[in-house]
Amino acid sequence: MEEKTDLLKKAAGEKAAEYIEDGMVIGLGSGSTVYWMLKKLGEKVEQGLNIKGIPTSLQTEGWAKEFQIPLTDFSEVHYADIAIDGTDEIDPDFNMIKGGGGALVREKIVASSAKKLIIIADESKVVDELGKFPLPIEVLPFGWQLTAEKIAEFGAKPVLRKKDGRVFISDNGNYILDCGFESIPDPGHLHKNLKQLLGVVETGLFVGMADLVILAGAKGVKVLNRVKVQNGEKTIDSALWDKKE
């Protein structure tokens, strides 16, 4: 099963590399699916593609250097042409939970700077409603217990993330609370409420940010694009969002 999932991730990652053009600044997301995109991108760079990448995590930075992908940062550029990233959950409205790897703050900064955000995933990440995956929330270490108590008032069960028996420290030097919700019917509303709490740095709710989703499944790779505009708002064609296809 794990080998099959890796093949799906590879398919999605390699498909995403097709959207990268010469001269672009690319936001390089984090996670195992992004690894395959980076590997393919490295091959294109070796063949002469001229791009620069902005990594969203120290792990991604390490992979990019391994594949000899030129890097930059926001001291040199002010936006990315596209950002390519993975997700832990995604619903039919393209709302997502991200941060399973702990890079949610940098991922959101890079994604918000991009003219276009491409999400790559295997079909197991598709859900009807967010909340099965615990919501990561990055918080300041000082007084994190008080912050956790305030988050719990919204119906969550916050758990301090640990790794190898020690408290997990984000690339920004903060803690992460993995918050179990029974469901998240209104991601935008919850995100706004959580952001108002003192001590919360950022939430793993990515609302209305994705423009295109590359979804790999048993029957191949689907590209889902927000193409309809109604009353000035982008919407997706629900007929495209059929994980049983």
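Two strands pair if DSSP finds at least two bridges between them. I kept that rule at hand while going through this predicted model.

**Entry 1: the small sheet**

I began with β4 and strand β5 (residues 96–97). They pair in the antiparallel sense over two bridges. I looked up one facing pair: Glu89 stands opposite Ile97 in β5. These strands belong to an open sheet of three, in the order β4-β5-β13, with antiparallel pairing. I noted β4 (89–90) and β13 (205–206) as the edge strands, each pairing on one side only.

**Entry 2: the six-stranded sheet**

Next I read off the order of the other sheet. It is an open sheet of six strands, β2-β1-β3-β6-β14-β15, and its pairing is mixed. β2 (52–55) and β15 (220–225) stand at the edges with a single partner strand each, so one side of each has no neighbour in the sheet. I took the twist too: it averages 20° from one strand to the next.

Then I went pair by pair. Strand β3 (residues 82–85) and strand β6 (residues 117–122) run parallel and are joined by three bridges. Within this stretch I found Ile84 opposite Ile118 in β6.

β6 also runs parallel to β14, and five bridges join the two. Here Ala121 has Leu215 in β14 as its bridge partner.

The step from β14 to β15 is antiparallel, with six bridges. Ile214 is bridged to Val223 in β15. I checked the connection as well: β14 and β15 form a hairpin, with two residues between them.

**Entry 3: strand β14**

Is strand β14 enclosed or open to the outside? I went through its residues, 212–217. Six of the six are buried, so the strand is largely enclosed by the rest of the structure. Side chains in a regular strand alternate between the two faces of the sheet. I sorted β14 by direction accordingly. Leu212, Ile214 and Ala216 point one way, while Val213, Leu215 and Gly217 point the other way. Both sets are buried.

**Entry 4: helices across the sheet**

I then looked at what lies across the strands. α2 lies across β1 (25–28), β3 and β6, and runs at about 115° to β6. Helix α4 (residues 104–113) lies across β1, β2, β3 and β6, at about 145° to β3.

How many residues of α4 are buried? I found seven of the ten, so the helix is largely enclosed by the rest of the structure. The buried ones are Leu104, Val105, Glu107, Lys108, Val110, Ala111 and Ser113. I marked Glu107 and Lys108 in that list for a second look.

On α2 I picked out one residue, Lys39, which has its place in that helix. Lys39 counts as partly exposed, at 33% relative accessibility. I also took its separation from Glu14. The two are 25 residues apart in sequence, and their C-alpha atoms are 8.3 Å apart in space.

**Entry 5: the cavity**

Rolling a probe the size of a water molecule over the atoms shows where empty space is left. I searched for enclosed space and found one cavity of 30 Å³ or more. The largest cavity has a volume of about 30 Å³. Its lining consists of Gly27, Leu28, Gly29, Thr56, Ala83, Ile84, Asp85, Glu107, Val110, Ala111 and Leu117. β1, β3 and α4 are the elements that give two or more residues to this lining. By class I logged six nonpolar, three polar and two charged residues.

Ile84 is therefore on my list twice: it lines the cavity, and it stands opposite Ile118 in β6.

**Entry 6: the pocket**

Last, the open space. The largest pocket holds about 450 Å³. I listed 26 lining residues, and Ser30, Gly31, Gly100, Gly101 and Glu107 lie nearest its centre. The elements giving two or more residues to the lining are α2 (32–46) and α3 (58–66). The lining divides into six nonpolar, twelve polar and eight charged residues.

My second look at Glu107 ended here. Glu107 is one of the buried residues of α4. It lines the largest cavity. It is also among the residues nearest the centre of the largest pocket.

Notes
Residues are numbered from 1 along each chain as its sequence is written. This is a predicted model: local features need pLDDT of at least 70, side-chain atom pairs count only at pLDDT 80 or more; totals for chains, interfaces and linings use all residues. Side-chain values use heavy atoms; hydrogens and water are left out. On a 1 Å grid over the protein atoms alone, a cavity is a set of points where a 1.4 Å probe fits but cannot get out, and a pocket is an open set with protein on both sides within 12 Å along at least five of seven lines; lining residues have an atom within 4 Å of a point. Grid points are joined across faces, edges and corners, and a volume is the space filled by probe spheres set on the points. Helices (H or I, at least four residues) and strands (E, at least two) are DSSP runs, numbered from the N terminus. Ala, Val, Leu, Ile, Met, Phe, Trp, Tyr, Cys and Pro count as nonpolar, Asp, Glu, Lys and Arg as charged, and the others, Gly among them, as polar. Axes are lines fitted to C-alpha atoms, for helices over the stretch in contact, and angles run from 0 to 180 degrees between N-to-C directions. Contact means heavy atoms within 4.5 Å. Buried means under 20% relative accessible area, exposed over 50%, partly exposed in between (1.4 Å probe, protein chains only).
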